[in-house]
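Here's a walk through the fold, taken piece by piece. Keep the 3D view open as you read.

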Amino acid sequence: MKLILLGAPGAGKGTQAAILAAELGIPTISTGNILRAAIKNGTPTGMKAKTYMDEGHLVPDEVIIGIITERLAESDCAKGYILDGVPRTIAQAEALEAAGIRFDHVVSLEVSDETIEERMSGRRVCEHCGASYHIKAVPPRTEGVCDVCGGKLVTRKDDAPETVKNRLAVYHRETEPLKDFYKSRGVLYPVEDMGSVEATSKAILAVLK
Ligand code: AP5
(Lines give C-alpha, C1' and ligand atoms only; values in the text may rest on other atoms or scores of the structure.)
Protein backbone atom coordinates (compact mmCIF):
# COMPACT_ATOMS: atom_id res chain seq x y z
CA MET A 1 0.00 0.00 0.00
CA LYS A 2 1.22 3.47 -0.90
CA LEU A 3 -0.44 6.14 1.17
CA ILE A 4 -0.10 9.90 1.55
CA LEU A 5 -1.20 11.72 4.70
CA LEU A 6 -2.07 15.23 3.64
CA GLY A 7 -3.00 18.00 6.06
CA ALA A 8 -2.10 21.32 7.60
CA PRO A 9 0.87 21.62 9.96
CA GLY A 10 -0.27 20.09 13.25
CA ALA A 11 -3.26 18.29 11.70
CA GLY A 12 -1.98 15.05 13.24
CA LYS A 13 -0.14 13.52 10.27
CA GLY A 14 2.84 12.33 12.33
CA THR A 15 0.63 11.01 15.13
CA GLN A 16 -1.59 9.07 12.73
CA ALA A 17 1.34 7.91 10.59
CA ALA A 18 2.95 6.20 13.61
CA ILE A 19 -0.32 4.36 14.41
CA LEU A 20 -0.95 3.36 10.79
CA ALA A 21 2.63 2.19 10.27
CA ALA A 22 2.28 -0.22 13.21
CA GLU A 23 -1.17 -1.34 12.03
CA LEU A 24 -0.22 -1.83 8.37
CA GLY A 25 3.39 -3.00 8.81
CA ILE A 26 4.88 -0.43 6.43
CA PRO A 27 7.32 2.42 7.14
CA THR A 28 6.50 6.08 7.53
CA ILE A 29 8.58 8.54 5.56
CA SER A 30 8.48 12.04 7.07
CA THR A 31 10.44 14.71 5.23
CA GLY A 32 10.16 16.91 8.33
CA ASN A 33 11.90 14.25 10.46
CA ILE A 34 14.53 13.61 7.78
CA LEU A 35 15.28 17.35 7.57
CA ARG A 36 15.42 17.77 11.37
CA ALA A 37 17.89 14.83 11.57
CA ALA A 38 19.99 16.47 8.83
CA ILE A 39 20.05 19.74 10.80
CA LYS A 40 21.05 17.91 13.99
CA ASN A 41 23.87 16.13 12.13
CA GLY A 42 25.03 19.37 10.49
CA THR A 43 24.88 17.98 6.93
CA PRO A 44 24.91 20.36 3.90
CA THR A 45 21.21 19.55 3.29
CA GLY A 46 20.41 20.35 6.92
CA MET A 47 22.27 23.65 6.80
CA LYS A 48 20.41 24.61 3.62
CA ALA A 49 17.01 23.64 5.08
CA LYS A 50 17.34 25.24 8.53
CA THR A 51 16.54 28.86 7.65
CA TYR A 52 13.47 27.88 5.64
CA MET A 53 12.15 25.63 8.42
CA ASP A 54 12.78 28.08 11.27
CA GLU A 55 10.72 30.71 9.43
CA GLY A 56 7.93 28.33 8.44
CA HIS A 57 8.71 28.41 4.71
CA LEU A 58 8.90 25.36 2.49
CA VAL A 59 12.32 23.91 1.70
CA PRO A 60 12.98 24.19 -2.09
CA ASP A 61 11.39 21.45 -4.21
CA GLU A 62 14.69 20.20 -5.67
CA VAL A 63 16.04 19.46 -2.17
CA ILE A 64 12.88 17.56 -1.17
CA ILE A 65 12.64 15.64 -4.44
CA GLY A 66 16.28 14.50 -4.00
CA ILE A 67 15.66 13.38 -0.40
CA ILE A 68 12.45 11.51 -1.11
CA THR A 69 13.67 9.78 -4.28
CA GLU A 70 16.68 8.46 -2.40
CA ARG A 71 14.61 7.33 0.61
CA LEU A 72 11.92 5.53 -1.42
CA ALA A 73 14.61 3.48 -3.16
CA GLU A 74 15.58 1.83 0.16
CA SER A 75 14.62 -1.81 0.67
CA ASP A 76 12.13 -1.25 3.52
CA CYS A 77 9.87 0.65 1.08
CA ALA A 78 9.43 -2.33 -1.24
CA LYS A 79 6.04 -3.35 0.20
CA GLY A 80 4.67 0.17 0.50
CA TYR A 81 4.94 3.23 2.71
CA ILE A 82 3.15 6.14 4.30
CA LEU A 83 4.27 9.61 3.25
CA ASP A 84 3.94 12.23 6.01
CA GLY A 85 4.49 15.83 4.94
CA VAL A 86 5.36 15.09 1.35
CA PRO A 87 4.38 15.94 -1.35
CA ARG A 88 3.65 19.49 -0.31
CA THR A 89 3.60 21.25 -3.67
CA ILE A 90 2.27 20.39 -7.11
CA ALA A 91 5.89 20.21 -8.34
CA GLN A 92 6.69 17.53 -5.73
CA ALA A 93 3.55 15.53 -6.63
CA GLU A 94 4.43 15.73 -10.32
CA ALA A 95 7.99 14.56 -9.61
CA LEU A 96 6.66 11.47 -7.78
CA GLU A 97 4.32 10.76 -10.68
CA ALA A 98 7.15 11.22 -13.17
CA ALA A 99 9.10 8.59 -11.20
CA GLY A 100 6.23 6.17 -11.90
CA ILE A 101 4.82 6.19 -8.36
CA ARG A 102 1.03 5.84 -8.02
CA PHE A 103 -0.77 6.17 -4.68
CA ASP A 104 -3.65 3.98 -3.49
CA HIS A 105 -5.01 6.50 -1.00
CA VAL A 106 -4.39 10.16 -0.25
CA VAL A 107 -5.96 10.81 3.15
CA SER A 108 -6.55 14.50 3.81
CA LEU A 109 -6.88 15.25 7.53
CA GLU A 110 -9.36 18.11 7.86
CA VAL A 111 -8.73 20.28 10.94
CA SER A 112 -9.66 23.94 11.44
CA ASP A 113 -6.92 26.58 11.73
CA GLU A 114 -8.15 27.46 15.26
CA THR A 115 -7.73 23.87 16.45
CA ILE A 116 -4.29 23.71 14.82
CA GLU A 117 -3.09 26.82 16.66
CA GLU A 118 -4.27 25.37 19.98
CA ARG A 119 -2.61 22.01 19.32
CA MET A 120 0.73 23.48 18.30
CA SER A 121 1.01 25.47 21.51
CA GLY A 122 0.77 22.21 23.50
CA ARG A 123 2.94 20.02 21.29
CA ARG A 124 6.15 18.52 22.63
CA VAL A 125 8.47 16.36 20.54
CA CYS A 126 11.28 13.99 21.40
CA GLU A 127 14.59 15.58 20.47
CA HIS A 128 16.03 12.10 19.93
CA CYS A 129 13.44 10.07 17.94
CA GLY A 130 10.93 12.76 16.88
CA ALA A 131 7.88 11.15 18.58
CA SER A 132 5.10 13.70 19.06
CA TYR A 133 3.06 14.42 22.22
CA HIS A 134 0.55 16.98 23.46
CA ILE A 135 0.61 18.21 27.05
CA LYS A 136 -3.15 17.55 27.43
CA ALA A 137 -4.40 15.36 24.57
CA VAL A 138 -1.43 12.97 24.22
CA PRO A 139 0.70 13.29 27.37
CA PRO A 140 3.80 11.12 27.87
CA ARG A 141 3.77 8.64 30.78
CA THR A 142 6.45 10.73 32.53
CA GLU A 143 6.39 14.49 32.04
CA GLY A 144 9.17 15.68 29.71
CA VAL A 145 10.34 12.14 28.81
CA CYS A 146 9.66 10.22 25.56
CA ASP A 147 7.69 6.96 26.03
CA VAL A 148 9.41 5.42 23.01
CA CYS A 149 13.11 6.05 23.66
CA GLY A 150 13.43 7.96 26.94
CA GLY A 151 14.64 11.08 25.09
CA LYS A 152 14.00 14.63 26.29
CA LEU A 153 10.77 16.31 25.12
CA VAL A 154 11.18 19.82 23.73
CA THR A 155 9.12 22.49 21.94
CA ARG A 156 9.85 22.77 18.22
CA LYS A 157 11.23 26.16 17.23
CA ASP A 158 8.73 26.43 14.36
CA ASP A 159 5.81 25.97 16.80
CA ALA A 160 6.12 29.61 17.93
CA PRO A 161 2.65 31.23 17.37
CA GLU A 162 3.79 33.65 14.62
CA THR A 163 5.61 30.87 12.76
CA VAL A 164 2.53 28.64 13.01
CA LYS A 165 0.43 31.39 11.36
CA ASN A 166 2.99 31.56 8.55
CA ARG A 167 3.04 27.77 8.13
CA LEU A 168 -0.77 27.73 7.90
CA ALA A 169 -0.69 30.43 5.20
CA VAL A 170 1.93 28.44 3.28
CA TYR A 171 -0.22 25.31 3.64
CA HIS A 172 -3.33 26.99 2.22
CA ARG A 173 -1.37 28.52 -0.67
CA GLU A 174 1.05 25.74 -1.66
CA THR A 175 -0.25 22.42 -0.32
CA GLU A 176 -4.05 22.60 -0.32
CA PRO A 177 -4.14 22.61 -4.17
CA LEU A 178 -2.90 19.00 -3.93
CA LYS A 179 -6.42 18.00 -2.89
CA ASP A 180 -7.72 18.83 -6.38
CA PHE A 181 -4.63 17.20 -7.92
CA TYR A 182 -5.37 13.84 -6.22
CA LYS A 183 -9.15 14.21 -6.49
CA SER A 184 -8.74 14.31 -10.25
CA ARG A 185 -6.85 11.01 -9.99
CA GLY A 186 -9.65 9.43 -7.94
CA VAL A 187 -7.58 8.74 -4.80
CA LEU A 188 -8.49 11.61 -2.44
CA TYR A 189 -10.17 10.62 0.86
CA PRO A 190 -10.94 13.54 3.21
CA VAL A 191 -11.20 12.53 6.90
CA GLU A 192 -12.65 14.99 9.39
CA ASP A 193 -10.91 15.43 12.74
CA MET A 194 -12.84 13.23 15.17
CA GLY A 195 -11.78 15.02 18.36
CA SER A 196 -9.40 12.33 19.59
CA VAL A 197 -6.40 10.50 18.18
CA GLU A 198 -8.08 7.07 18.54
CA ALA A 199 -11.34 8.09 16.85
CA THR A 200 -9.46 9.70 13.96
CA SER A 201 -7.33 6.54 13.49
CA LYS A 202 -10.52 4.47 13.28
CA ALA A 203 -11.96 6.82 10.66
CA ILE A 204 -8.79 6.56 8.57
CA LEU A 205 -8.64 2.77 8.82
CA ALA A 206 -12.31 2.60 7.75
CA VAL A 207 -11.44 4.61 4.63
CA LEU A 208 -8.46 2.35 3.83
CA LYS A 209 -10.59 -0.79 4.00
P1 AP5 B 1 6.87 18.81 9.17
O2 AP5 B 1 7.68 18.25 10.26
O3 AP5 B 1 6.32 17.91 8.13
O4 AP5 B 1 5.73 19.65 9.86
P5 AP5 B 1 4.22 19.88 9.43
O6 AP5 B 1 3.67 19.34 8.20
O7 AP5 B 1 4.14 21.34 9.56
O8 AP5 B 1 3.47 19.00 10.40
P9 AP5 B 1 3.75 18.84 11.86
O10 AP5 B 1 4.84 17.86 12.10
O11 AP5 B 1 3.94 20.20 12.48
O12 AP5 B 1 2.35 18.31 12.38
P13 AP5 B 1 1.61 16.93 12.16
O14 AP5 B 1 0.52 17.09 11.15
O15 AP5 B 1 2.57 15.80 11.96
O16 AP5 B 1 0.92 16.86 13.58
P17 AP5 B 1 1.30 16.01 14.87
O18 AP5 B 1 0.95 14.58 14.66
O19 AP5 B 1 2.66 16.34 15.35
O20 AP5 B 1 7.66 19.97 8.42
C21 AP5 B 1 8.38 20.96 9.11
C22 AP5 B 1 9.05 21.89 8.11
O23 AP5 B 1 9.95 21.12 7.28
C24 AP5 B 1 8.10 22.58 7.12
O25 AP5 B 1 7.55 23.77 7.65
C26 AP5 B 1 9.06 22.85 5.95
O27 AP5 B 1 9.91 23.94 6.21
C28 AP5 B 1 9.94 21.59 5.93
N29 AP5 B 1 9.38 20.52 5.07
C30 AP5 B 1 9.00 19.27 5.46
N31 AP5 B 1 8.54 18.57 4.41
C32 AP5 B 1 8.63 19.39 3.34
C33 AP5 B 1 8.28 19.26 1.98
N34 AP5 B 1 7.74 18.10 1.49
N35 AP5 B 1 8.47 20.31 1.15
C36 AP5 B 1 9.03 21.46 1.59
N37 AP5 B 1 9.37 21.67 2.88
C38 AP5 B 1 9.18 20.64 3.75
O39 AP5 B 1 0.20 16.62 15.88
C40 AP5 B 1 0.27 17.96 16.30
C41 AP5 B 1 -0.09 18.04 17.79
O42 AP5 B 1 -1.46 17.70 17.99
C43 AP5 B 1 0.69 17.06 18.67
O44 AP5 B 1 0.93 17.67 19.89
C45 AP5 B 1 -0.25 15.85 18.81
O46 AP5 B 1 0.01 15.14 19.99
C47 AP5 B 1 -1.61 16.54 18.82
N48 AP5 B 1 -2.68 15.76 18.21
C49 AP5 B 1 -2.62 15.02 17.08
N50 AP5 B 1 -3.82 14.50 16.77
C51 AP5 B 1 -4.68 14.95 17.75
C52 AP5 B 1 -6.09 14.78 17.98
N53 AP5 B 1 -6.86 14.06 17.14
N54 AP5 B 1 -6.63 15.40 19.04
C55 AP5 B 1 -5.88 16.15 19.88
N56 AP5 B 1 -4.54 16.35 19.71
C57 AP5 B 1 -3.96 15.76 18.65
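Two strands count as paired if DSSP finds at least two bridges between them. With that in hand, note that what you're looking at is a predicted model.

## The small antiparallel strands

Strand β5 (residues 123-126) has two partners to look at. With strand β7 (residues 153-154), β5 pairs in the antiparallel sense over two bridges. Cys126 has Leu153 in β7 as its bridge partner.

The other partner is strand β6 (residues 132-134), which pairs with β5 over three bridges, again antiparallel. Here Val125 stands opposite Ser132. The hairpin of β5 and β6 has five residues between the strands, and one of them to click on is Gly130, with a positive phi near 85°. As background, most residues other than glycine have a negative phi.

## The main sheet

Now for the parallel part. As general background, strands of a sheet pair through backbone hydrogen bonds, either parallel or antiparallel. In this model, five strands with parallel pairing form an open sheet in the order β2-β3-β1-β4-β8. The edges are β2 (28-30) and β8 (188-192); each has a single partner strand, so one side of each is left without a neighbour in the sheet. From one strand to the next, the twist averages 25°. Helix α9 (residues 197-208) packs on the sheet and touches β1 (2-7), β4 (105-110) and β8, with its direction making about 150° with that of β4.

At the β2 edge, three bridges join β2 to strand β3 (residues 81-84), and the two run parallel. Ser30 has Asp84 in β3 as its bridge partner.

## Ser108, inside the sheet

Buried or exposed: which is Ser108? This residue lies in strand β4, and Ser108 counts as buried because its relative accessibility is 0%, where the cut-off for buried is under 20%. Setting aside neighbours within four places in sequence, Ser108 is in contact with Leu6, Lys179, Leu188, Tyr189, Pro190 and Val191. Ser108 and Ile4 are 104 residues apart along the chain, yet their C-alpha atoms are separated by 8.2 Å.

For contrast, try Ala22 in helix α1 (residues 13-24). Ala22 has a relative accessible area of 68%, and the cut-off for exposed is over 50%, so Ala22 is exposed. Ala22 and Val107 are 85 residues apart in sequence, and C-alpha to C-alpha they are 17 Å apart in space.

## Thr31 and the cis bond

Thr31 sits in helix α2 (residues 31-40). With 3% relative accessibility, Thr31 counts as buried. What does Thr31 touch, leaving aside its neighbours within four places in sequence? Its contacts are Ile64, Ile68, Asp84, Gly85 and Val86.

Val86 is worth a second click: a cis peptide bond joins Val86 and Pro87, with omega about 0°. In general, most peptide bonds are trans. Pro87 lies in the loop between β3 and α5 (90-98).

## How α2 packs

Two packed helices are described by the angle between their axes and the distance between the axes. For α2 and helix α4 (residues 61-72), the axes come within 11 Å and cross at roughly 105°. An angle of 65 to 115 degrees counts as roughly perpendicular, so that is how α2 and α4 stand to each other. Thr31, Ile34 and Leu35 of α2 meet Ile64, Ile67, Ile68 and Arg71 of α4. By class, this contact has five nonpolar, one polar and one charged residues.

On α2's contact with helix α3 (residues 44-55), the angle is about 115° and the axes are 8 Å apart. The crossing of α2 past α3 is left-handed. Gly32, Leu35, Arg36, Ala38 and Ile39 of α2 make the contact with Thr45, Gly46, Ala49, Lys50 and Met53 of α3. The classes here are five nonpolar, three polar and two charged residues.

## The α6 and α7 pair

Helix α6 (residues 113-122) and helix α7 (residues 161-175) pack with their axes 11 Å apart, at an angle of about 140°. These two helices are therefore oblique to each other, and α6 passes α7 in a right-handed crossing.

Which residues of α6 and α7 meet? From α6 come Asp113, Ile116, Glu117 and Met120, and from α7 come Val164, Lys165, Arg167, Leu168 and His172. By class, the contact has four nonpolar, one polar and four charged residues.

Methods. Residues are numbered from 1 along each chain as its sequence is written. This is a predicted model: local features need pLDDT of at least 70, side-chain atom pairs count only at pLDDT 80 or more; totals for chains, interfaces and linings use all residues. Side-chain values use heavy atoms; hydrogens and water are left out. Axes are lines fitted to C-alpha atoms, for helices over the stretch in contact, and angles run from 0 to 180 degrees between N-to-C directions. Helices (H or I, at least four residues) and strands (E, at least two) are DSSP runs, numbered from the N terminus. Angles under 35 degrees count as roughly parallel, over 145 as roughly antiparallel, 65 to 115 as roughly perpendicular and the rest as oblique. A crossing is left-handed if the near helix is turned anticlockwise from the far one by less than a right angle, and right-handed if clockwise. Contact means heavy atoms within 4.5 Å. Ala, Val, Leu, Ile, Met, Phe, Trp, Tyr, Cys and Pro count as nonpolar, Asp, Glu, Lys and Arg as charged, and the others, Gly among them, as polar. Buried means under 20% relative accessible area, exposed over 50%, partly exposed in between (1.4 Å probe, protein chains only).
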